[in-house]
Structures are given as structure tokens and as C-alpha cells.
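Visitor: I have a model open here and would like to talk through a few of its local features. Could you take me through them?

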Amino acid sequence: MSPVGNRLSVFDLVNNRSRTLPFQTRKNIAAIALSPDGKVLVVIDEDGRLLLVSPTLPHAPVLHHFNLKSPVGAVEFSQDGKYLAITTSSLVHVYQTPNILMREFAPWKLHRTYAGHSGEVTGVSWCNDGRFFLSRGTDQTARLFSLHPVEGFRPKTFAGHRDALMGAWFGGKEEDTVYTVARDGALFIWGSKAEDDGTILDQDLINADRDHRLGHTRWGIMQRHYFNQPNTKVTSAAFHSSAGLLVVGFGDGVFSLWELPSSQSIGSTVNNLYTLSISNEKISSIAINSTRQWLAFGAQKLGQLLVWEWQSQSYILKQQAHSHQASSSISHSSITHLSYSPSSKQIATSGSDGKVKLWSTQSGFCFVTFSEHTASVTAVEFAKRGQVVFSASLDGTIRAWDLIRYRNFRTFTSPTERPVQFNCVAVDDSGELVAAGSIDTFEVFFWSVQTGKLLDLLTGHTAPVSSLAFSPVGNTLASGSWDKSIRLWDVVGRSRAVEPFSMNSDVLTVAYRPDGRELAVATLDGQISFFDVTLGRQTGIIEGRRDIGGGRSIYDALTAKNNAGGKCFNSLSYSGDGTLLLAGGNSKYVCLYDIQESTLLKRFTISENLSLDGTEEFLDSRKVNSAGINIDTLEDHGDDSDKEESLANSNTLPGVMGGDMSKRRWKPTIRTSCVRFAPDGRGWAAASTEGLLLYSNEDNLAFDPFDLSLDLTPQSVSETLVKREYLKALCMAIRLNEEQLILQVFESIPTEEMNFVVGNLPLGGNAHYLRRLVELLVKRLEKGPNLESDLRWIIEILERHGKLIRGSANEWASLVRGLTRGMVEVQATISTL
């Protein structure tokens, strides 16, 4: 799991798929924690607002809300999942984990609040039995606390470091060791203090109360080690207690893997397995999976997520978003444009970081990145035929990318000595002509894709060319410009006829209807105009300024209701049948219009993240100080580490080696840079400030009558089973997601009821009930307690739902492989009898 703004993405590394959970937090997510059994998820935003989520259910519903009223440093479940530790400022709050199966008015019960740190607490680590936990903070110490009162116990302090602690964990076979890692690269190994003759202090007290031995131990430093990574500091660390593996991430993108000795191994040295560089920025987060085979790394500044298998030294997952331009005064979305492939299975995106990325709409992963451009890429377009993508850039080139060999096979440039900056690109239906508009010479260039030669140079515009679009039928090219005009060019005919249309404001984008008879034009005044291309006249207009208006910036003097003057559409897209128009612009809304009726059908809110500017309808007057200034507009320099990073990376003044502290950071503004309908009509995509958003009209989350039941409990499942309502009991058990309960209901279903149960399973929600039933059969085949019954179930499922499984082969691949593997093992076992 990885936070993306105020949303949470889940990556299935086995099935190579990703999905975004359907809830949003009020601000950017600051901390997440998943219970050991995976059934309870806690998500906390920057303001300390907590959501309790059940991630295993199809809808991932939010079960409870809770406001901690203070920013959170860390959150961690105990090993048994019964308690939850949350740190705020210098305090540690331990709560009892709410029961997700019970209806409670106030589910959050505070067990105890722990104090003692003089600085901010940044992390918590529990021991295996959950009786004690370690907290670490910026006061350069770690502290040992007990969950329940222990006679004679006083909190222990682990002091001696010279910088803030980045990690503190229990280790050793009997957890007789404590490891602490500081930001300056110091590793201390703590163990029991002993006399000169080797006798452990308070050994009698420890033996008398083994359950609380950690509290009775007198801790002392046994060993000191230093990572000695030059010119950088530790930014994150993770430890796997059973394997003794420590992973340390540094500020220069380097990580190192260490094998640690226990405190009893006096004189042993830490073993460095290897040190590798995986990023250009600091590693902000590290996690180790339960099998200790995979290491996950996150680089927040680059939007980078990596999963590394350290034994084979290979990548399991490598994803990176379009990174923001650090030099821009206002950090808008770095995705500038997007384009669907003709099959709708791929999306190409361009970014201000000079990269072109290809994404799979089925898995949600980026699988190719092209980085040959040397400046911001302003537009990208798929060819209607062939596996080719074209991109336009401010570096003065148009590049064609081969999607079979994944290479740049053609580069188009202007014939002038001075490079021309290209702002838009268009490709005709045959894929043989490519056109690009410039923002400095106001010309439209034409090239042949096969030869790479410039065919024509179209002049006439007196301002930057903002948009180009080829007609789906014929050889007409439409161009829009900031000179308040659009022009229709006959690019192939001998006449070279040009038909201009005058507008009332600057033209931002143009789009052809799929039949080529109508042209939609969005202008700076917020209007969308429609033109009949055949008759050469305007046929309609939509006043969209009020529709897209909404959201007040912290710098606006007017309210959101009266501040629609600056709102406009910069991207338009027709649906496949030409009856709907999707429009997005510099607002938090994306509008869907019925063209024939000129009415707004739906307004999509792309984000509710209050960490972005422009998402609030009303500003909070409590944030205005006595000088009349909104405190959100004031510079927040962050913690000391951010200051050091700013000083190190901001050498903007001549002769100044310490950096420029006057460099400002702006709050990102919510906006949409591009919207596109999928060619297959099943959804649409938007490039926004928070990234690439995919919307689907497929009703995977179908209505489930069990969602309305308030009495969905294990007792009600047992009562339904007594009534011999087997289908209902099975669905209720699956909804509760209790393995033992599902198994109990499954084994209670008689053979003569199999046909009815399998045939009437609800198939909504991505066939969730059927999927869970197949998962249960795969597990039972591995154990093989009731072979004949399991085989009958498999036959019924394949006969009734084989067509569904075959139609979604990619989604069912892992389960089908599990059934196949189980059947092969059964066959091999039977053949030996």
C-alpha cells in the first residue's frame, strides 16, 4: 500500500495489478498502518483525522472517523492487533483496536497516554508479546514503556546518540537485544548489563518474572557501529526481527542492507550484505515484507516506488510519476497531456519533466518511459494505425516512438537555425502526416512520417498556436490560436484553402466530433462554441464559466461564487457516438455535457484534497491573523532536515555556498491539464495535479443487498444456516471475511444444493463471491481433506461460470493456476496408489 495525495493505492505484486481505494482523506495522507491479520486499516492525514477502513471487503468501506486534533508522527499496531499506538508531538497514545464486527457509538477507547520525550516522537515498535513497546524521537533518545502496569517498573531511557533517532527495534531470539539507529549513521546495540564476572544484573528478578523480563532488564550499550556514508544522513530505516536484517536509506538515494548480531555476540561485527544506489533523491520510506525477501522503497520527492528482491538482486516493481519542476513558482501538475491507444489498453502521458510514459489501463502500471526530450513535453498523441506515439516538446523536436522495439525511430525539427518551441501535435488517420504548432513563430509545421521531411509550413496566425486537430474524415486540419481565431486548412488538396473563424477570446483547445462534421472550440472566456464544418457556421454555444467555477484560492479576494472570471476549459473530448462532450480546465471540476440539449449532465470533482489550493469553497476566517493575512500563505520551512536540504540544493546566488533561504515553496493548485474519452467508450481519463485519474462506467461495484444489513454478524450467519438457507449464509460469511466461518458454512452445504448455490452466486463487485469460493477450493486442494466434494464444486463452477472466467483471463489467471496446480498434485497422488 502506498499513499498518493489523499488517496491510497494498493499494488498486487503477484497478479501485477493496482487499484485505488474509493475513499479520500481531507488532506494528504501522513501515516498508514495495517493490522497483522490484514483486516483493519488505519489512515491518518496531515491534520490528525483518522479513518478506520476494512480493506478486505469489495468496497473497502470507511467504518469509523476519529479526530486526533494534532498532527501524527507514526502509527503502529501491536503484534496481536489488539492495540494501536499513535504518536502526537511528544506523546504516545495507545488505543484498543475497534471491533469491526460490532456496532459501537464510540469505538475508540483510549488505553493510556505515555509521556517522557522532550521532542517529537517519530516512531513506535512493539515487542512480539505486545507487553512492551519502544518509542523514538527527535530528542535523540528511545524509551521503553509497558502496556500494562508492572510492579517495580519505570520507563527505560536509551540515551547516547548525537542526532535524532530514525529507528528503534527489539531483536534477538528472546528479544534480549535493542537496536537504535540515528540520523548521523550511528548504530547502537543494547543488551543486559553484567558484572565483571559476567553475571547479568537483576538476573534473579528476570527469572522470577519472565513475562516482563524486558522491563526488569538493565540495558546498556554493548556495541557501537557507524555506517560512514559520506556527505549524507540516514533518512529512513526498517528492521526484520526474525531474520536480523536492517535496511538503511540515505539522503542521496543509496540504501544498504546489513545483517545484525545479537547483544550476546560480543565482538561480532555487523555484516554489510550490499550497498546500492536506487534513486537520485532521498529515500523517505522503507518496508520489509513478512517473508523478508522483498524490500520496498519510497522516494517522496520523485514520486518513486520500488520493490527489490535482495537475494536475486532484481526489481519486482519500479514505478515513478512525472516529477514536478523544482524551478516553477507554482507547482501545478507535471502531466501536461495524455492520449489513449486505439485499443484503450494503453495511455501515453507527457510531462514537464521531459519524459513520455506509457501506462497500462488494466494493471495501472507504467511499463515504458522515454526520456530523450531535453525540455518539457507539451503534447503526446497515438497514431490511429500502427504502434507509434508522437510527442511535442519545448526543446524544438517532434519525436516518433516505436512501441514494438521501444525506441525513438524518427525526430522532426524545424528548418530554421533557431529551434522552434512546439506546443501541440496532431496525427492524421493514416498515420503518415504529423503536424505541430509553435508558440514563438506562430506557424504550423507538416512532416512526412515515412521520410521525415518537412512538407509544408502554414502561416497566418498572429499569436501562439494552442491546439491542433485532424478531421476524422477528409484531410482538414483545425488550428486554434491565442489570436482569437481558428483556421481550417486543406493540407492535401491543391487549393490550399484556408477558412478562418473569429472568436471573442483566445482559443485554448479544439476538438472534432468523431464523424468530422462538427468542431468544438473552448476559449479563454469560459465558452464552448460549436461549428458546422460543412456549412461553415456556428451552431451552438455553452456558457461553461459557471459550470467550471468553484473552489477559492487562498490568494483570491473574491468568493468562489463570484470568482468564475478566471475559470476556463483547456481540454475537450467527444464521446464515441458524438453526443457527449467532456471538458476540463483550471478548476477542481470536470464537466460532462449533452451537446444536443446544451446541458450539464454531471460535474465530477477530481479531488477533495485540502492540501491543494482551490479545493475549498469557503476560506476559514480563523486562519486570518491580525494583519489580515491568511496564515496558509506564509512560508512553512518545515523541520530541520527540510532546511538542510533546502540549503544544500538551492545554490542560486552567485558566490553563496550555503544556499538561498529566500527560495519560496507554493501550495499546488488543483487543475486538470487534459481529459480524454476512451475509444471503447468504457471510461475516461484526466491528467490532474495529483496525477493520472481513470474513471470507468462499468458497474463493478454492483448493488449488494447485504450492504444494507445491520445485523450481519456470526450469530446471524449461524441462524441462517440452521434455516437451511445455504446461499444466503455463504454470502453473509464471505461478507464478514472470517475464514473459519466461511469454511463452516461451506462444509455444511449438502451435495444436492451445490448446483443451486453456484448458479445463483451474485456476480457483482468483480464476481467477489465467486472469487472467494474459488480461493477456498484452491486452499482445500492443497490440503485434500474431501477430494470428491471439492472436485464436484470445481466442476459446477466451471460449467456455470467458465465463460465468465475465460472472458477475464488476466484477472483469474492466478486462481486458475492454483486450481491447475492442485489438480496436478491430486493426479500425481492418485497415480501412486
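Guide: Gladly, and please keep in mind that this is a predicted model. A place to begin is strand β1, which is joined to strand β2 (residues 7–12) by three bridges, the two strands running antiparallel.

Visitor: Which residue is the bridge partner of V4 in β2?

Guide: That partner is R7, so named in the pairing of V4 with β2.

Visitor: And what is the order of the strands in that sheet?

Guide: The order is β1-β2-β3, in an open sheet of three strands with antiparallel pairing. Its edge strands are β1 (2–4) and β3 (17–20), each of which pairs on one side only, and neighbouring strands of the sheet are turned by 30° against each other on average, with direction ignored.

Visitor: Moving on, which strands make up the open sheet of four?

Guide: Those are β24, β25, β26 and β27, in the order β24-β25-β26-β27 and with antiparallel pairing. Because β24 (285–288) and β27 (314–320) stand at the edges with a single partner strand each, one side of each is left without a neighbour in the sheet. Here the average turn between neighbouring strands is 10°, direction ignored.

Visitor: How many bridges join β24 to β25?

Guide: Four bridges join β24 to strand β25 (residues 294–299), and the two run antiparallel; within this pairing, A287 stands opposite A296 in β25.

Visitor: Switching to helices, which residues of α7 are buried?

Guide: In α7 (residues 739–748), the buried residues are L741, I742, V745 and F746. Viewed down the helix axis, the buried residues of α7 fall within an arc of 135°, so they line one face of the helix.

Methods: Residues are numbered from 1 along each chain as its sequence is written. This is a predicted model: local features need pLDDT of at least 70, side-chain atom pairs count only at pLDDT 80 or more; totals for chains, interfaces and linings use all residues. Side-chain values use heavy atoms; hydrogens and water are left out. Two strands pair if DSSP finds at least two bridges between them. Axes are lines fitted to C-alpha atoms, for helices over the stretch in contact, and angles run from 0 to 180 degrees between N-to-C directions. Buried means under 20% relative accessible area, exposed over 50%, partly exposed in between (1.4 Å probe, protein chains only). The arc is that of the directions from the helix axis to the C-beta atoms.
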